[in-house]
Amino acid sequence: MYQSQYPLSATKVILSTPAIRRRVLQLAKQIAQHYQSRSLILVCVLKGSFIFCADFIRALWQVGLIDVQLDCLGISSYQLTTQSSKTPQLTKDLDLNPRGRHVLIVEDIVDTGHSLKAIIGLIKAREPASLKTLTLLNKPSRRQIAVTVDYVGFEVEGWVEGYGLDTAEYYRGRPEICQRQATS
Ligand code: PRP
């Protein structure tokens, strides 16, 4: 099977499910305080952000930020590889019009920065009232392009998977976040 090229035995857990849950709630409290009673569009960046975004939007509800619309944007830079193509492909555009709205981009990970830069450019061109960025995971040491990340869950190193993040489309369902060790 193709999956055997990426054995689970070559991974170690770096962020447990309870640690992720606690941090998601902290972020929701911080971000709800910023938006207070303003209406918000959350942009879930597919595919990697789907699990984080599902937990985050419920955490916002839990802390009282109710006036939230969800939209999804599809973008792909890595396809089945572990190298950024540096030219992200838009696979799904927004359904909602962000013009004049408060928009929060919800990413699973910012690595080289190319994907987030492209998404910011696309949404800014549509003139939102405000635009902020949230990522669960950040890898500043790998940045190739300057990009503003307003809210960060955790800083990580190396290739990570689980909790929505994949390796060649595998392992998105793993409930914790793992680091994949280089295999020779
Ligand atoms: C991942 C992730 C980010 C992007 C970050 O997406 O979800 O969008 O890479 O990498 P960058 O900062 O180097 O651009 P990917 O292209 O793997 O697509 P996926 O979300 O469908 O897995």
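This report walks through a predicted model, from its ligand site to its backbone details and cysteines.

## The ligand and its pocket

Let us start with the ligand. The space it takes is the largest pocket. Three elements each give two or more residues to the shell around the ligand: strand β3 (68–76), strand β5 (102–110) and helix α3 (114–124). Strand β5 supplies the largest share of that shell, with 4 residues. The ligand has 18 residues around it, and those that come nearest are Ser 77, Tyr 78, Asp 108, Thr 112 and Ser 115.

If you like to look at individual atom pairs, there are three to pick out here, each with an oxygen atom of the ligand on one side. Thr 112 offers an N or O atom of its side chain at 2.5 Å from a ligand oxygen. Ser 115 also uses its side chain, with a polar atom 2.6 Å from an oxygen of the ligand. Asp 111 takes part through its backbone instead, where a polar atom lies 2.8 Å from a ligand oxygen. As for cover, the ligand taken alone exposes 490 Å², and the protein buries 94% of that.

## Strand β3 and the contact of Asp 71

Strand β3, one of the elements in the ligand shell, also holds Asp 71. Is Asp 71 buried or exposed? Its relative accessibility is 2%, so Asp 71 counts as buried. The side chain of Asp 71 reaches the backbone nitrogen of Asp 95, at a distance of 2.8 Å.

## Around strands β8 and β9

The stretch with strands β8 (159–161) and β9 (177–180) gives us a few residues to visit. Trp 159 belongs to strand β8, and with a relative accessibility of 21% it counts as partly exposed. From Trp 159 to Ser 77 there are 82 residues in sequence, while their C-alpha atoms are 15 Å apart in space. Ser 77 is the residue we met above as one of those that come nearest to the ligand.

Between β8 and β9 runs a loop, and Glu 176 is found there. Glu 176 has a relative accessible area of 17%, which means that it is buried, the cut-off being under 20%. Its side chain makes a polar contact with the side chain of Arg 174, at 3.1 Å. Past β9 comes the segment that holds Gln 181. Gln 181 is partly exposed, with a relative accessible area of 37%. Gln 181 and Gly 158 are 23 residues apart along the chain, and 8.1 Å separates their C-alpha atoms.

## Helix α3 and the loop after it

Helix α3 gives residues to the ligand shell, and Lys 117 is found in this helix too. At 41% relative accessibility, Lys 117 counts as partly exposed. Which residue lies 6.0 Å from Lys 117, C-alpha to C-alpha, and 30 residues away in sequence? That residue is Val 147.

The loop between α3 and β6 (130–138) contains Glu 127. Phi of Glu 127 is near 60°, a positive value in a residue that is not a glycine. Glu 127 counts as partly exposed, at 46% relative accessibility.

## Backbone details on either side of β2

A positive phi also turns up at Gln 36, where the angle is about 45° although the residue is not a glycine. Gln 36 sits in the loop between helix α1 (17–35) and strand β2. With 56% relative accessibility, Gln 36 counts as exposed.

Where is the cis peptide bond with omega of about 0°? It joins Leu 46 and Lys 47. Lys 47 is found in the loop between β2 (40–46) and helix α2 (50–62).

## Cysteines

A disulfide is a covalent bond between the sulfur atoms of two cysteines. How many disulfides does the model have? The count comes to 0. Take Cys 72 as an example: the closest cysteine sulfur to its own is that of Cys 44, at 4.5 Å. That is too far for a bond, because the two sulfur atoms would have to be within 2.5 Å. Another cysteine, Cys 178, has a relative accessibility of 0%, so Cys 178 counts as buried.

Technical notes:
Residues are numbered from 1 along each chain as its sequence is written. This is a predicted model: local features need pLDDT of at least 70, side-chain atom pairs count only at pLDDT 80 or more; totals for chains, interfaces and linings use all residues. Side-chain values use heavy atoms; hydrogens and water are left out. Buried means under 20% relative accessible area, exposed over 50%, partly exposed in between (1.4 Å probe, protein chains only). A residue is near a molecule or strand if one of its heavy atoms lies within 4 Å of it. A polar contact is a pair of N or O atoms within 3.5 Å; within protein, one must be able to donate a hydrogen and the other to accept it, and residues adjacent in sequence count only if both atoms are side-chain atoms. Accessible areas come from the Shrake-Rupley method with a 1.4 Å probe; for residues, only the protein chains shown count as cover. On a 1 Å grid over the protein atoms alone, a cavity is a set of points where a 1.4 Å probe fits but cannot get out, and a pocket is an open set with protein on both sides within 12 Å along at least five of seven lines; lining residues have an atom within 4 Å of a point. A molecule sits in a cavity or pocket if more than half of its atoms lie within 2 Å of its grid points.
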